[in-house]
Amino acid sequence: MATKEMQPIAGLTEEQEMIRQAARDFAQKEIAPIAAEFDESGEFPLDTVRKMGKLGLMGIEVPEAYGGAGMDTLAYVLALEEICKADASHGTVMSVNNSLFCHGILKFGTEEQKQKYVGGVASGDKIGAYSLTEPMSGSDAGTMRSRAVLEGDHYVINGRKSWVTSAPVADYVLLFTMTDPDAGHKGITAFLVDTDQPGFSRGKKEPKLGIRASATSEIVFDNYKALVANRLGEEGEGFKIAMTVLDAGRIGIASQALGIAEAAYEASVQYVKEREAFGKPIGEFQGTGFKIADMKTRIEAARGLIYNAAQAKIRSVETGERYTLEASMAKLFASEMAMFVTHAAVQIHGGMGYSKELPVERYFRDAKITEIYEGTSEIQRLVISRLETGLR
Ligand code: CAA
């Protein structure tokens, strides 16, 4: 599907504009043509993921010294939006490598951990994953059952984690597990896991509604040994690390929602001008025109919240202040906006919106996950209201 010529965004630096253009060119030339095929097969698109790494898209905010592109959060969200406009599955992999895996290690890791784990993932040669959720612990992330027990110079890890994005292909996992079950969320500790070591295995791949080319599965730990040197942060710091990293991740998911919505919107604008009913283009009917107006307005409102959250994260590098509120507002609004826009896009396209002949139905299916992963809309509302009222 042809996409509109890219409009410049006021205030962007040359570098931000450059990565936005590079991501767009790559996405439209290399990803858009294969997106439907990979969605249908559910195969992981390793070749294009590796190529994205070569372009610097897997470690945009990673300093050059650690093998990344050395850019800022705005550059990251602009590039991610362009990738997701072509295919949200590729965007999911990009978002986990960048904001859940590399960001977590750069923020909390030792120099040795940064040297060992960041470069490969930032270059796309390796795939990273982030594992917090368990079968009985999703939104209530502090209640996990998996365990790590210290034995000399290593921890022995046992348990089952679920819904781990990229797990079927991951080389490394940023894992959160319990070292002190009596301490609640203060008993959670983070580890860097090498998936080629004994005691690690992958469960069945999840058959998903959307983002079908991004692989998701359970992972199982059966007496897996993690060296103390592979602990990220101190014992008991895991929950805070998980939440801090999710703040960054949620800005990425908001950008993913924006990219999906823009693709659905552009397809709709084109369609309402071409498709005729009762002797005129359907866009001339007010019912359709008003849908277009609402879609566009919500897209631009989401963009504002996302760029605002990106700026808050950029400021946090200097100030150390949290940007939890900005990230949650951006994710909440953008994901619900993407559902609204893709739902309207299917409706505008009528039967063709329901057909796999066009990508509109895929946009609709892909949008749904943005309201669920990295914290549901309900969790974002809880985070925002707690921060604003001080009540819980
Ligand atoms: N940054 C830093 N610290 C934070 C924080 C943040 N954003 N949010 C909470 N904390 C700290 C608190 O300050 C508190 O610290 P103290 O103990 O020192 O006071 C501690 O963490 C506990 O906070 P809460 O009491 O608020 O914790 P809670 O149990 O009430 O839970 C929650 C809070 C917001 C509901 C949280 O559990 C949450 O975000 N749940 C959703 C989890 C989620 O997003 N899961 C998705 C996982 S990833 C995924 O989707 C799959 C994938 O592969 C991508």
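Here are some short exercises on the ligand and the pockets of this structure, each with a worked solution.

Before you start, note that this is a predicted model, where local features need pLDDT of at least 70, side-chain atom pairs count only at pLDDT 80 or more, and totals for chains, interfaces and linings use all residues. Residues are numbered from 1 along each chain as its sequence is written, and side-chain values use heavy atoms, with hydrogens and water left out.

**Exercise 1. Find which residues come nearest to the ligand, and which polar contacts the ligand makes.**

Step 1. Start with the neighbours, taking a residue as near if one of its heavy atoms lies within 4 Å of the ligand. There are 28 residues around the ligand, and those that come nearest are Ser 139, Thr 165, His 185, Lys 186 and Glu 374.

Step 2. Now look for polar contacts, meaning pairs of N or O atoms within 3.5 Å. At Ser 139, a polar backbone atom is 2.8 Å from a nitrogen atom of the ligand. Lys 240 places a polar side-chain atom 2.9 Å from an oxygen atom of the ligand, and for Arg 322 a polar side-chain atom is 3.5 Å from a nitrogen atom of the ligand.

Step 3. Check the cover: the ligand taken alone exposes 1100 Å², and the protein buries 80% of that (areas by the Shrake-Rupley method with a 1.4 Å probe).

**Exercise 2. Work out which element gives the most to the shell around the ligand.**

Step 1. List the elements, which are DSSP runs numbered from the N terminus: helices (H or I, at least four residues) and strands (E, at least two). Those that give two or more residues to the shell are β3 (154-165), α6 (238-274) and α10 (377-389).

Step 2. Pick out the top contributor: α6, with 7 residues.

Step 3. Sort the shell by class, with Ala, Val, Leu, Ile, Met, Phe, Trp, Tyr, Cys and Pro as nonpolar, Asp, Glu, Lys and Arg as charged, and the others, Gly among them, as polar. The shell has 12 nonpolar, 8 polar and 8 charged residues.

**Exercise 3. Describe the largest pocket and its lining.**

Step 1. Fix the term: on a 1 Å grid over the protein atoms alone, a pocket is an open set of points where a 1.4 Å probe fits, with protein on both sides within 12 Å along at least five of seven lines, and lining residues have an atom within 4 Å of a point.

Step 2. Place the ligand: the space it takes is the largest pocket (more than half of its atoms lie within 2 Å of the grid points). About 1500 Å³ of space lies in this pocket, as filled by probe spheres set on the points.

Step 3. Go round the lining. It has 46 residues, and Ala 141, Phe 239, Met 243, Leu 246 and Arg 250 lie nearest the centre. Here too α6 gives the most, with 7 residues.

**Exercise 4. Do the same for the second largest pocket.**

Step 1. Its volume is about 480 Å³. Of the 24 residues that line it, His 103, Lys 107, Lys 313, Ser 316 and Val 317 are the closest to its centre.

Step 2. The elements giving two or more residues to this lining are α4, α6 and α7 (286-319). The largest share, 6 residues, comes from α4.

How values were computed
Polar contact = N/O pair within 3.5 Å; in protein donor to acceptor, adjacent residues only side chain to side chain.
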